[in-house]
Amino acid sequence: MSSRVCVIGAGSSGISAAQVLLERGVEVDVFELGSEVGGNWRYGNDNGLSSAYRSLHINTSRQLMEYAAYPMPEDLPEYPSHWQIAQYFDDFVDHFGLREHIRFRTEVVKVEPVGDGRDGYDVTVRGRNEHGEPDEPETSRYRHVVVANGHHWDPRWPEPSFPGAEDFPGTQIHAHYYKTPDLLEGKRVLVLGIGNSATDIAVESSRVAERTYLTMRRGAHIVPKFVFGVPTDHLTDGVIARTPTLVQQTAMGALLRVTQGRLTDYGLPRPDHRVLHAHPTVSDDLLTRLGHGDITVLPNIDRFEGSKVFFVDGSAYEVDVVVYCTGYKVSFPFLDDRVVRAGDNHVDLYRRVVDPDHPGLYFVGLIQPLGAIMPLAEAQSHWVADLVTGEAALPSYDDMRRQIREYDEALRKRYVASKRHTIQVDFHKYRAELVRERRAGRARVAGEPTGARGRLSALRRKAAAAAARRS
């Protein structure tokens with residue numbers, strides 16, 4: 001069995017996991033399907049899985065997106081483009097000497113636990129040469145496997161499909177395949193969704209299309225990228241982000257109302273949930289294009305009849321192109337469903353990282369934060385490194401299962417019921433949760449009490465040490 005850790009994917013989460021593990025003295029084998037790092041942020045990635053479109057920019061500011069181990073250059077704009085982010089990943093990999101640990105153009109075909117994983121995992125990979133010709137598969141056994149294959153690459157189409165959609169004579173595409181607006185030029189375009197991709201594509205369509213329609217099942221809160229001349233998340237990431245959820249909602253709701261008024265004044269439906277009860281939609285341009293009359297807002301689709309699309313309010317419009325911005329499926333093609341199931345995008349993981357049923361199997365970056373993924377993936381990687389090196393231990397199986405149930409229950413109470421919110425986390429709360437877990441994991445190794453008893457014990461030790469210094 002190899003003493004190395006197998007890392008699947010060299011996107012933003014995979015390269016962070018590799019950097020942290022190597023820094024802690026753990027050797028890694030990173031397998032990447034494409035020929036470059038960056039995953040979803042590599043526009044035109046030859047792994048065929050990137051969802052980036054040509055005009056894409058990040059929707060969290062660079063200061064909140066950067067790795068702690070390698071800050072972004074100060075000369076980058078507040079919201080860099082995908083090209084600049086991909087260059088940042090290249091620089092990160094070269095700075096830490098990670099490239100020699102990555103096997104590019106190599107597909108992970110299968111990860112199979114030996115028993116329940118306590119005896120390791122048989123990982124089968126298949127490389128391909130520069131001409132795309134596949135090599136013979138090869139299998140190695142690893143004690144630890146880190147899954148970092150991302151969750152924005154397997155498009156989810158409307159389920160079930162709309163009646164008559166199969167006979168629509170125009171073009172139907174998923175946002176995953178959208179790259180440039182050429183497809184929309186001079187056409188009557190219908191964009192389905194109200195997430196970040198939907199608003200970006202609708203805005204882009206409104207500049208080149210004959211007509212642009214934006215349809216959605218429910219309303220959403222629209223968050224601008226800038227407020228009072230500064231990135232919005234600079235205002236909301238400080239003290240506000242560390243307050244109770246109700247306080248955050250009140251402050252954020254007031255900020256949005258002051259800066260942009262009521263969404264219904266722009267023709268958007270009133271959201272059926274409070275702000276922060278769903279993943280935010282970030283756009284500086286949508287409300288302006290709506291105010292110009294360049295985008296028409298419609299309710300959800302009812303059915304298709306030829307090239308005419310009918311909506312649930314009884315209206316109907318002739319359409320040439322339909323763009324489905326309906327999200328992505330969480331999937332692991334190299335893992336059998338008997339090992340890990342992701343039905344309805346739900347995966348049972350302790351602290352969103354550890355599979356209780358398969359020791360040594362970890363998932364990094366399988367989260368949807370109110371904020372950026374990269375710093376959280378970095379924090380997850382540090383915890384994984386604790387576990388791999390034996391510096392920390394996990395709680396009992398029953399304790400892990402209980403935490404998973406509590407997490408699921410909290411999701412149901414907090415967020416709108418949607419496959420989009422099955423892996424949702426609050427940035428600061430989740431990062432603090434990982435800090436507490438790492439501390440508890442080290443206490444388990446040391447045989448010390450954890451939880452409230454552990455904190456009380458630590459306070460007593462500090463008090464005793466302070467008393468000893470005074471004497």
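A residue is called buried here when its relative accessible area is under 20%, and that cut-off is worth keeping in mind while moving through this predicted model.

Start by selecting Thr60, which sits in the loop between β2 and α2 (62-65). Because its relative accessible area is 12%, Thr60 is buried. Leaving out residues up to four places away in sequence, Thr60 touches Met65, Glu78, Tyr79, Asp233, Gly371 and Ala372.

Next, colour the two domains separately: domain 1 is made of residues 2-153 together with 329-446, while domain 2 covers residues 157-326. Taken over C-alpha atoms, the centres of domain 1 and domain 2 are separated by 29 Å, and the contact takes 36 residues from domain 1 and 30 residues from domain 2. The size of an interface is often given as the accessible area lost when the parts come together. For domain 1 and domain 2 the area buried between them is about 2,700 Å², with 47% of it on carbon and sulfur atoms.

From there, go to Asn196, which is found in helix α4 (residues 196-206). With a relative accessibility of 16%, Asn196 counts as buried, and its side chain reaches the backbone nitrogen of Val282 at 2.7 Å. If you display the surroundings of Asn196 and leave aside its neighbours within four places in sequence, the residues in contact with Asn196 are Tyr53, Asn59, His279, Pro280, Thr281, Val282 and Arg420.

Now select helix α1, residues 12-23. The 12 residues of α1 reach 17 Å from the first C-alpha to the last, which is close to the 16 Å expected at 1.5 Å a residue. How many of the residues of α1 are buried? The helix is mostly covered, with 10 of its 12 residues buried; these are Ser12, Ser13, Gly14, Ile15, Ser16, Ala17, Ala18, Gln19, Val20 and Leu21. To see what covers them, show β1 (2-8), β2 (28-31), α3 (82-95), β6 (138-147) and α8 (374-389), against which the buried residues of α1 pack. After α1, stop at Gly25, whose phi is positive, near 85 degrees.

Within α1, pick out Ile15, which, not counting residues up to four places away in sequence, touches Gly9, Ala10, Val37, Tyr67, Phe89, Phe92, Val93 and Leu98. Ile15 also leads into the largest nonpolar core, which has 91 residues, and in which Ile15, Phe89, Val191, Leu268, Leu286 and Val323 touch the most other members. Helix α8 gives the most to this core, with 9 residues. Where does the core lie with respect to domain 1 and domain 2? Both domains give residues to the core, so it lies between them. Apart from this core lies another, of 24 residues, among them Val108, Tyr121, Val145 and Leu366.

Finish in helix α8 by selecting Ser381. Is Ser381 buried or exposed? At 1% relative accessibility, Ser381 counts as buried, and, setting aside residues up to four places away in sequence, Ser381 touches Ser16, Ala17, Val20 and Val364. As a last distance to draw, connect the C-alpha atoms of Ser381 and Asp344, which are 37 residues apart along the chain and separated by 26 Å.

Note on methods. Residues are numbered from 1 along each chain as its sequence is written. This is a predicted model: local features need pLDDT of at least 70, side-chain atom pairs count only at pLDDT 80 or more; totals for chains, interfaces and linings use all residues. Side-chain values use heavy atoms; hydrogens and water are left out. Helices (H or I, at least four residues) and strands (E, at least two) are DSSP runs, numbered from the N terminus. The expected span of a helix is 1.5 Å times one less than its number of residues. Buried means under 20% relative accessible area, exposed over 50%, partly exposed in between (1.4 Å probe, protein chains only). Contact means heavy atoms within 4.5 Å. A polar contact is a pair of N or O atoms within 3.5 Å; within protein, one must be able to donate a hydrogen and the other to accept it, and residues adjacent in sequence count only if both atoms are side-chain atoms. A nonpolar core is a set of buried Ala, Val, Leu, Ile, Met, Phe, Trp, Tyr and Cys residues joined through side-chain atoms within 4.5 Å. Domain bounds come from an automatic or database domain assignment. Buried area is the accessible area (1.4 Å probe) that two parts lose on being put together, summed over both.
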